[in-house]
Amino acid sequence: RGYDRGNSFAEPPPRPSSSYHDPSPQHHQQHYQQHYQQQPGYVVELTERSPHPVISGANPKGQGRSPGSCTAFNPSYIPASAGLNTSGVLLRICCGPKPCNWLKSNDFPPAAADSSDPPPVEHIGFAPCDIHTGACGDVLPLSTFNLDPQHTLQDPRAFLYDGDYYTFYWTSQTGDAKCTSKMCSVGLSKSPTPLVQGSWQAVGHFPWYRNACCIMKPRGQKSYCFWGFGPNEPYLPGLGVSYTTDIDSANFTQVPWKVAAGVHSPLGNDSMAFLPLGPEYNELGLEASARPVLLSDGNYLHFYAAHTQGFGKPGNWTGNYTVGWIVLSGDDPTKVIARWNKKTPWMNPVYDYETLCNADRSGSCKYTGANPWTIFLPSADPIPGRKDTFRVWFGAGDGNTGTAVVKVTVSRVIIA
């Protein structure tokens, strides 16, 4: 499916006021203009953004349709190689009404879950996608590709490394011989031929929250991975960072964060946790999101996920899930050298497939998802031939997939 080039900031309809949602369309225009205000050293712009999903159950067959009655979202791009004849995205597939449709939630009136609903079933599937245009084909049937049919999996974070495809994911299969904590719910698997059923082999489990994404270096050098604390002890709504010199060993060492002078980026737990900016910035709990991408100045751009007050079922779906960004030093990826720090998050849900028709409770919205007002951006990759320009795919409404193009301008050299 195509989308409006150069019209990324088309004005959406006004939204109802809530703990975060601003009632005036003028606010959205002001927010979009903020994308062009210089951060210290970097300008990060959304230059294209799809007003319609590139993958959705509402799309026509042959134009990025989800399989059957399932939803497909939270994508992670993998390029073609000798072991994969087409590029595309691994993505989360949800096929049970209770977890997949917010109107089927157990305690949400008026559409309470029916006792005949099937049990939750979530897996990792695949759809072919073009990094130049952002367009995607239909999601493969789960009978054709399902990364692990035996367990519930969510939210892949994939990358190609040394000829193998790797992906982190959240899994219901917690722990292994090396990781025995109840928090060992982040898995890592690899395969040289990712669409061949049964080819994915487990590497390890980790005591991290939800997921991880990495800056990969040659074996023997330090590769840094970023992950969520979540309900770990101590509970922190932020991100940790660990390194490994051999990812196949599944051995990681946690290290502290650093922040460059003049950058507002709070840390906690003796600098072991990168924290949200706080309620005054409409940024609460964080989640590690897209794999950091290399910029032309040698530093790395990372998109992270955050939420505002009132997000999800506990907040009666009055808050947002949003996107922020940081730049990490290429010489020391534990050091934050720039961060988006406006009081409006950098990327917010605005289109119907992202907001689920402004959280329409009538059941008439053609888009389905588990959480209205949701943007989750776990995929960023350089567009070949375009300097500091990246194709991103993102989950929308926790049930659909959108795409955008991000352009970064390095406005001056930062001494990291």
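Are Cys129 and Cys136 buried or exposed? Both Cys129 and Cys136 are buried. The structure that holds them is a predicted model, and the account below moves from the chain as a whole to its disulfides, then to a helix and to one arginine.

The protein chain contains 3 helices and 23 strands. Of its 416 residues, 58% are buried. Its accessible surface amounts to about 15600 Å², and carbon and sulfur atoms account for 51% of that area. The contacts within the chain can also be sorted by separation in sequence. Among those between residues at least 6 apart, 60% join residues at least 24 apart.

The cysteines offer a way into the details. The model has 6 disulfides, counting pairs of cysteine sulfur atoms within 2.5 Å. When the bonded cysteines of the protein chain are numbered in sequence order, they pair as 1-3, 2-4, 5-6, 7-8, 9-10 and 11-12. Cys213 takes part in no disulfide, and the nearest cysteine sulfur, which belongs to Cys214, lies 6.7 Å away. Cys213 nevertheless counts as buried because its relative accessibility is 3%, where the limit for that class is under 20%.

Three of the bonds may be examined in turn. The opening pair, Cys129 and Cys136, is linked with a distance of 2.0 Å from sulfur to sulfur. This link is right-handed, with 110° about the S-S bond.

A further disulfide is formed by Cys214 and Cys225, whose sulfur atoms are 2.0 Å apart. It is right-handed as well, at 105° about the S-S bond. Cys214 belongs to strand β9 (residues 209-215) and Cys225 to strand β10 (residues 223-230), so this pair ties together parts that are 11 residues apart in sequence. Cys214 and Cys225 are both buried.

The third example joins Cys357 to Cys365, with 2.1 Å between the sulfur atoms. Here the torsion about the S-S bond is about 70°, and the disulfide is therefore right-handed. Cys365 counts as buried because its relative accessibility is 17%.

Attention now turns to helix α3, which spans residues 352-359. Its buried residues are Tyr353, Glu354, Thr355, Leu356 and Ala359. What do the buried residues of α3 pack against? Their partners are the strands β1 (42-49), β21 (375-382), β22 (389-396) and β23 (400-410).

The last stop is Arg92, a residue of strand β3, which covers residues 88-94. Why does Arg92 count as buried? The reason is its relative accessibility of 11%, a value to be set against the cut-off of under 20%. Which side chains form polar contacts with that of Arg92? One is the side chain of Glu122, joined to that of Arg92 by a polar contact of 2.6 Å. Another is the side chain of Asp155, for which the polar contact is 3.0 Å. Leaving aside residues up to four places away in sequence, Arg92 touches Thr71, Ala72, Phe73, Asn74, Glu122, His123, Gln154, Asp155, Pro156 and Arg210. Glu122 and Asp155 thus appear both among the residues that Arg92 touches and as its polar partners.

Definitions and conventions. Residues are numbered from 1 along each chain as its sequence is written. This is a predicted model: local features need pLDDT of at least 70, side-chain atom pairs count only at pLDDT 80 or more; totals for chains, interfaces and linings use all residues. Side-chain values use heavy atoms; hydrogens and water are left out. Helices (H or I, at least four residues) and strands (E, at least two) are DSSP runs, numbered from the N terminus. Buried means under 20% relative accessible area, exposed over 50%, partly exposed in between (1.4 Å probe, protein chains only). A polar contact is a pair of N or O atoms within 3.5 Å; within protein, one must be able to donate a hydrogen and the other to accept it, and residues adjacent in sequence count only if both atoms are side-chain atoms. Contact means heavy atoms within 4.5 Å. Accessible areas come from the Shrake-Rupley method with a 1.4 Å probe; for residues, only the protein chains shown count as cover.
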